[in-house]
Amino acid sequence: MHRIVAKLGTNVIMRPDGRVALGLLCGLVEQIAALRADGLEVLVVSSGAVGLGMERLGLLERPTVIAQIQACAAIGQSRLMALYDDAFARMNSPIAQVLLTEDDFRDPERHANLRATLDALLTMGVIPIVNENDTVSTAELDKPASNPRAEKIFGDNDKLSALLMKHINADLLVLLSDVDGLYDKPPQDEGAQLIARVEAIDERVLALADGGNGRGRGGMASKLESARIALRAGKQVVIANGRTPHVLERIIAGEPLGTRFAHALEEAAR
C-alpha cells in the first residue's frame, strides 16, 4: 500500500456538546504522522469548518439559510486549519490547505492543475488537508450559477474523498465518523449486527443506510455512495469509528475494523 485518503467527519472533529474533540483530533494526527513517517502517503479530507464556526458563534443547531452556513464555514475554516497546523507541527509534519469547488472537477485545466498539485505535495512529504470550499460552493451545490441544470459532482466530503481517491490513484479510502460501520439494521436496535464486509452495493445494502446527523451533511447514505464510486474504480473503502483507539494504524495493519468494501478479486490481487 502506497497512498491512502482519510476522511474525518464532523462528528470526529467535534464533541456531542459542539466543542472541539481536541484529544481525539490530536490522536488521529499522531497516527497520520506515524503512517507518513513509515512511508505511506496520506491525504486528509476534513469536515468540521461549519461546526467550528457554529461553536465560535454559540449556535446550538446548524443553520438552514445557505448564507449563514457559508458564514459559519468562513469563520470555522481558519480555526480548523490552525488546529491541524499546530497538531501536525508537533509531529514535525508539514501540511497544506486545499479548498475545492465543483469547478475544480468540471474544468479540465483546473482539474489537471489540481491533480498535479496534490501529487507534488504528496511526493514532497506534505499532508494535504482538503475540504469543500463551503464559503462559495454551497450555493453552487443547490443551483450552479453557470449551469442550473448541471449535475452535482459532490455534495459532501464523503463523495469528495472518493473522487479524490480516484484522481490521486490511492489504494484505500478510510471514512471515519462516530459509527462503527454499516449495520444490518439501525445500530440502536436490539440485536443489530455490524456488517464486516460488502462486495457490492445494491438496493438491499442501500436500504440499510440511516439518515444524516445534526452538524454534518453526510450520513451512511453518502458513505455508501462514496464506497460505490470507489468499488467501481477497483478500490477499497473502510467505514470505521474515528473514536476507536489507533483506528487508522490498525486498519492499515489489516485488522478487521468497521465495514470493508472490496471486490474479492481486487483484494486478492493486493
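1. Pairing of β5 with β7. In this predicted model, strand β5 pairs with strand β7 (residues 236–241). The sense is parallel, and six bridges join the two. One position to look at is Val174, which stands opposite Val238 in β7.

2. Leu175 within β5. Strand β5 covers residues 172–177, and Leu175 lies in it. Is Leu175 buried or exposed? Its relative accessibility is 0%, so Leu175 counts as buried. Which residues does Leu175 touch, leaving aside those up to four places away in sequence? The list is Lys7, Asp158, Ser161, Lys223, Ser226, Val237, Val238, Ile239 and Ala240. Take Ala240 from that list. Leu175 and Ala240 are 65 residues apart along the chain, yet their C-alpha atoms are separated by 6.3 Å.

3. The sheet as a whole. β5 and β7 are neighbours in an open sheet of eight strands. The order is β3-β4-β2-β1-β5-β7-β8-β6, and the pairing is mixed. Which strands stand at the edges? They are β3 (95–100) and β6 (197–198). Each has a single partner strand, so one side of each is left without a neighbour in the sheet.

4. Strand β1 and its partners. In the strand order, β1 sits between β2 and β5. β1 and β2 run parallel, joined by six bridges. Here Val5 stands opposite Leu43 in β2. On the other flank, β1 pairs with β5, also in the parallel sense, over five bridges. There, Ile4 stands opposite Leu172 in β5.

5. Burial of β1. Why is β1 described as largely enclosed by the rest of the structure? Six of its six residues are buried, so the description follows. Both faces of β1 are covered. Arg3, Val5 and Lys7 are buried on one side. Ile4, Ala6 and Leu8 are buried on the other. Note that Lys7 is also among the residues touched by Leu175 of β5.

6. Helices on the sheet. Helix α2 (residues 22–37) lies across four strands: β1 (3–8), β2 (41–46), β4 (127–132) and β5. Helix α2 runs at about 155 degrees to β2. Helix α4 (residues 66–90) packs on the sheet too, touching β1, β2, β3 and β4. The direction of α4 makes about 155 degrees with that of β3. Strands β1, β2 and β4 therefore appear in the lists for α2 and for α4, by the heavy-atom contact cut-off of 4.5 Å.

7. An aromatic pair in α4. How many aromatic pairs does the model hold? The count comes to one. The partners are Tyr84 and Phe88, and the pair is stacked. Their rings are 6.2 Å apart, centre to centre, with 25 degrees between the planes. Both residues lie in helix α4. They are four residues apart, about one turn of the helix. Both Tyr84 and Phe88 are buried.

8. Overall figures. The protein has 12 helices and eight strands. Of its 270 residues, 51% are buried. Consider the contacts with a separation of 6 or more: 72% of them are between residues 24 or more positions apart. The Leu175 and Ala240 contact, at 65 residues apart, is one example of such a long separation. The protein exposes about 12,500 Å². Carbon and sulfur atoms supply 51% of that area.

Conventions
Residues are numbered from 1 along each chain as its sequence is written. This is a predicted model: local features need pLDDT of at least 70, side-chain atom pairs count only at pLDDT 80 or more; totals for chains, interfaces and linings use all residues. Side-chain values use heavy atoms; hydrogens and water are left out. Buried means under 20% relative accessible area, exposed over 50%, partly exposed in between (1.4 Å probe, protein chains only). Two strands pair if DSSP finds at least two bridges between them. Axes are lines fitted to C-alpha atoms, for helices over the stretch in contact, and angles run from 0 to 180 degrees between N-to-C directions. Rings of Phe, Tyr and Trp (its six-membered ring) pair if their centres lie within 6.5 Å; planes under 30 degrees apart count as stacked, over 60 as edge-to-face and the rest as tilted. Accessible areas come from the Shrake-Rupley method with a 1.4 Å probe; for residues, only the protein chains shown count as cover.
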